[in-house]
Amino acid sequence: MKGKNNVGKRNKWRKSMVLALALAGGLLFNTVQPTVVHAEETSQQMIDKKAKIDTEVKKLQDELTKLQQEIDEKVKVFNKVQADIKEVDANIVDTKKRIEQRSAILSDRMAAYQAQDTTVGIYLSAVLDSKSFADLMDRVVAVKTLMDADQELVDQQEADKANLENQKTTLDEKQKELQKQFQELQQKESEMEVKKAENEAKSLALKAQIATKQEEERLEAERKAAEEEAARLRALQAATPVVQATNNNSNSNNSNANNGSNANNSSKANNEKSTQQVVVGSGSGTASSGDAISTAKQFLGRSYVWGGSNPSTGFDCSGLVQWSYKQAGVSLPRTASQQYLATQRISAGEARVGDLVFFSYGSGIAHVGIYLGNNTMIDAQNKGVVVESLDWWNQYLVGFGRIQ
């Protein structure tokens with residue numbers, strides 16, 4: 001009996017344990033299950049957040065793509081005008097050649113005529129010396145042919161001279177158009193630089209929201225650097241040409257003194273802007289600047305190429321500066337704005353050979369050249385790589401930068 005009771009107790013105990021385990025399992029299931037659901041919701045939220053951020057980042061990229069497309073269209077127009085100018089130049093060369101050749105022929109004819117008493121005498125003599133009626137007719141036809149040929153030469157000469165003047169006018173108009181396109185492109189590049197830096201900072205800030213802790217720290221550091229770069233470039237958008245700034249100050253003073261003569265003051269200011277000169281120093285350069293200048297001069301006459309930064313592609317203004325100094329062992333940033341920020345500001349009077357000279361058309365740093373002393377620089381501009389005076393460029397001068 002005792003053994004049977006013990007077996008019954010054990011069975012009861014087993015049933016109790018099974019029931020306890022079942023209850024425990026049920027409780028465990030009930031407590032874990034909500035956690036799993038919560039994890040799924042958090043994961044979905046992260047997926048949605050990432051998708052939203054990816055969309056925002058793409059919008060920023062699309063903005064830059066649109067700006068780049070606008071620049072590309074302007075580059076096409078610029079290149080077309082360049083091609084037009086080459087064609088007009090070639091036509092002018094051909095026209096001048098024809099005029100010179102025809103002038104030589106006409107000069108010979110005039111010399112022959114002057115050796116006789118009169119031009120008519122030459123033709124009359126040819127007719128009177130005929131030996132028969134048939135010979136007379138042949139001579140008359142020959143004389144008329146010569147007279148017609150002479151007149152045709154004169155007519156052609158006059159037509160080519162008029163054509164040459166038209167070609168020169170067209171060339172002048174095309175060159176002005178090219179200069180305008182050149183300035184607009186440089187302005188657009190300056191704006192693009194600012195937009196790139198701003199959008200890069202925004203993009204990094206968005207990506208940091210879905211990054212790991214380690215990635216977040218890296219992205220935050222990059223974002224700060226991008227924001228600082230954007231701030232520096234934005235500040236350059238307010239860069240004002242020296243002469244323009246001087247005239248603006250002068251106009252303000254004149255306006256206070258003579259409110260009744262605004263039109264005269266405006267006209268005077270415009271004249272001053274076109275004639276005012278900036279006194280520039282001509283100190284000796286360094287060995288590296290001398291090497292850079294020698295390199296740049298190797299490309300004199302090379303056509304201007306938007307975005308060009310080496311001999312195989314051709315050069316734009318900052319590309320020529322960067323490449324030339326690179327060959328001299330000096331590293332410079334790619335764009336005119338970046339080169340301005342990378343150099344030490346000096347006054348025009350302190351300028352020496354090899355310093356960089358910067359220009360603005362009213363917003364941002366748009367152009368750069370290498371100063372050669374004696375009020376000249378070498379630069380890549382719409383007419384190609386040239387050595388030129390600063391006289392015309394003074395109206396756009398922002399300042400000089402020394403490579404440190």
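Let me start with the surface. The protein chain exposes about 23,900 Å², and carbon and sulfur atoms supply 54% of that area. This is a predicted model, so please take what follows as computed from that prediction.

Next, the interior. The protein chain has 404 residues, and 34% of them count as buried. As for contacts, take those in the chain with a separation of 6 or more: residues 24 or more positions apart account for 69% of them.

Now the secondary structure. There are 9 helices and 8 strands in the protein chain. How are the strands of the open sheet ordered? The sheet has 6 strands, and the order is E3-E8-E4-E5-E6-E7, with antiparallel pairing. At the edges sit strand E3, residues 344-346, and strand E7, residues 384-389, each of which pairs on one side only. On average, neighbouring strands of this sheet are turned by 35° against each other, direction ignored.

One pairing in detail. Strand E4, residues 356-359, and strand E8, residues 397-402, run antiparallel and are joined by 4 bridges. Which residue of E8 is the bridge partner of Val357? That partner is Phe400.

Finally, the helices on the sheet. Helix H7, residues 287-297, packs on the sheet and touches strand E5 (367-373), strand E6 (376-381) and E7. The direction of H7 makes about 110° with that of E5. Helix H8, residues 317-327, also packs on the sheet, touching E4, E5, E6 and E7. For H8, the angle with the direction of E5 is about 50°.

That is what I have for today.

Definitions and conventions: Residues are numbered from 1 along each chain as its sequence is written. This is a predicted model: local features need pLDDT of at least 70, side-chain atom pairs count only at pLDDT 80 or more; totals for chains, interfaces and linings use all residues. Side-chain values use heavy atoms; hydrogens and water are left out. Helices (H or I, at least four residues) and strands (E, at least two) are DSSP runs, numbered from the N terminus. Buried means under 20% relative accessible area, exposed over 50%, partly exposed in between (1.4 Å probe, protein chains only). Contact means heavy atoms within 4.5 Å. Accessible areas come from the Shrake-Rupley method with a 1.4 Å probe; for residues, only the protein chains shown count as cover. Two strands pair if DSSP finds at least two bridges between them. Axes are lines fitted to C-alpha atoms, for helices over the stretch in contact, and angles run from 0 to 180 degrees between N-to-C directions.
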